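Me: I've just opened this one and I'm new to it. Can we go through it together, one question at a time?

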Amino acid sequence: MTSPKASAVKPRFLVVEDKLMCQTTEGEIALPLRFKTKLLRQFGSLDQMDAFFLILDEIAGEETVATVDELDIMETTEIMVEFFKVFESKVQATMGELQGSLK
């Protein structure tokens with residue numbers, strides 16, 4: 001008789017297509033990594049925390065916003081830092097592709 005396989009634990013953060021999937025104490029949330037330029041223009045001069053909440057309010061959906069609102073501030077800050085790290089990485093990759101195509 002074989003023992004049942006233990007289910008794989010999902011990573012805390014995982015990029016799936018254009019979303020950052022986050023495992024939180026309140027359940028899984030998905031944060032979109034693509035949004036309109038007009039939103040970028042709105043948060044360009046804000047600090048990182050204000051920009052994060054503006055993005056959430058504009059594109060993440062009510063359920064995600066409600067989930068984040070119930071998280072401990074340390075967990076929310078960890079998610080925010082990871083979000084911007086992944087976002088910046090995606091932007092840099094896009095800019096690299098763009099520069100390569102201009103040669």
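Me: About how many helical turns separate Lys85 and Glu82 in helix 4?
Reply: This is a predicted model, so keep that in mind throughout. Both residues sit in helix 4, three residues apart. Their side chains meet in a salt bridge at 3.2 Å, N to O. Given that spacing of three residues, the separation comes to about one helical turn.

Me: Is Glu82 buried or exposed?
Reply: Its partner Lys85 has a relative accessible area of 52%, so Lys85 is exposed. For Glu82 the value is 17%, and buried means under 20%. That makes Glu82 buried.

Me: Which residue does Lys90 meet in a salt bridge?
Reply: Lys90 has its place in helix 4, residues 73-101. Skip its neighbours within four places in sequence, and Lys90 is in contact with Glu17, Asp18 and Leu33. The salt bridge, at 3.6 Å from N to O, joins the side chain of Lys90 to that of Asp18.

Me: How many residues apart are Asp18 and Lys90?
Reply: The side chains of these two meet in a salt bridge. The pair links distant parts of the chain, with Asp18 in the loop between strand 1 and strand 2 (19-24) and Lys90 in helix 4. Along the chain they are 72 residues apart.

Me: What does Lys90 count as, at 29% relative accessibility?
Reply: Buried would need a value under 20% and exposed one over 50%. Asp18, at 30%, counts as partly exposed. With its 29%, Lys90 also falls in between, so Lys90 counts as partly exposed.

Me: What distance separates the C-alpha atoms of Lys90 and Arg34?
Reply: Along the chain, Lys90 and Arg34 are 56 residues apart. In space, their C-alpha atoms are separated by 9.6 Å.

Me: Which parts of the structure does the pair of Glu75 and Arg12 tie together?
Reply: The structure holds six salt bridges, and one of them joins the side chains of Glu75 and Arg12 at 3.6 Å, N to O. These two are 63 residues apart in sequence, so the pair ties together helix 4, where Glu75 lies, and the segment before strand 1 (13-16), where Arg12 lies.

Me: Is Glu75 buried or exposed?
Reply: Arg12 has 27% relative accessibility and counts as partly exposed. Glu75 has a relative accessible area of 9%, and the limit for buried is under 20%. So Glu75 is buried.

Me: Which residues are linked with Arg12 in a network of salt bridges?
Reply: We've already met the salt bridge between Arg12 and Glu75. The network takes in Glu78 as well. So, next to Arg12, its members are Glu75 and Glu78.

Me: Which strands are the edge strands of the sheet?
Reply: The open sheet has three strands in the order 1-2-3, with antiparallel pairing. An edge strand here pairs on one side only. That describes strand 1 and strand 3 (27-32).

Me: How many bridges join strand 1 to strand 2?
Reply: Strands of a sheet pair through backbone hydrogen bonds, either parallel or antiparallel. Strand 1 and strand 2 run antiparallel, and Val16 stands opposite Lys19 in strand 2. The number of bridges joining the two strands is four.

Me: At about what angle does helix 3 run to strand 3?
Reply: Helix 3 spans residues 62-69 and lies across strand 2 and strand 3. Thr64 has its place in this helix, and among its contacts beyond four places in sequence are Ile29, Ala30 and Leu31. Thr64 is buried, with a relative accessible area of 12%. As for the angle between helix 3 and strand 3, it's about 120°.

Me: What kind of aromatic pair do Phe35 and Phe87 form?
Reply: There are eight aromatic pairs in the structure. In this one, the rings are 5.3 Å apart centre to centre, with 15° between the planes. Planes under 30 degrees apart count as stacked, so the pair of Phe35 and Phe87 is stacked.

Me: How many residues apart in sequence are the parts that Phe35 and Phe87 tie together?
Reply: Phe35 lies in the loop between strand 3 and helix 1 (37-43), while Phe87 lies in helix 4. Phe87 counts as buried, at 14% relative accessibility. Both belong to one aromatic cluster that also includes Phe43, Phe52, Phe53, Phe83 and Phe84. The parts that the pair ties together are 52 residues apart in sequence.

Key
Residues numbered from 1 in each chain as written. Predicted model: local features only at pLDDT ≥ 70, side-chain atom pairs only at ≥ 80, totals over all residues. Heavy atoms only, no water. Buried < 20%, exposed > 50% of the residue type's maximum accessible area, 1.4 Å probe, protein only. Contact = heavy atoms within 4.5 Å. Salt bridge = Lys/Arg side-chain N within 4 Å of Asp/Glu carboxyl O. Pairing = 2+ DSSP bridges. Axes fitted to C-alpha atoms, helices over the stretch in contact; angles between N-to-C directions. Phe/Tyr/Trp six-rings, centres within 6.5 Å; stacked < 30°, edge-to-face > 60°.
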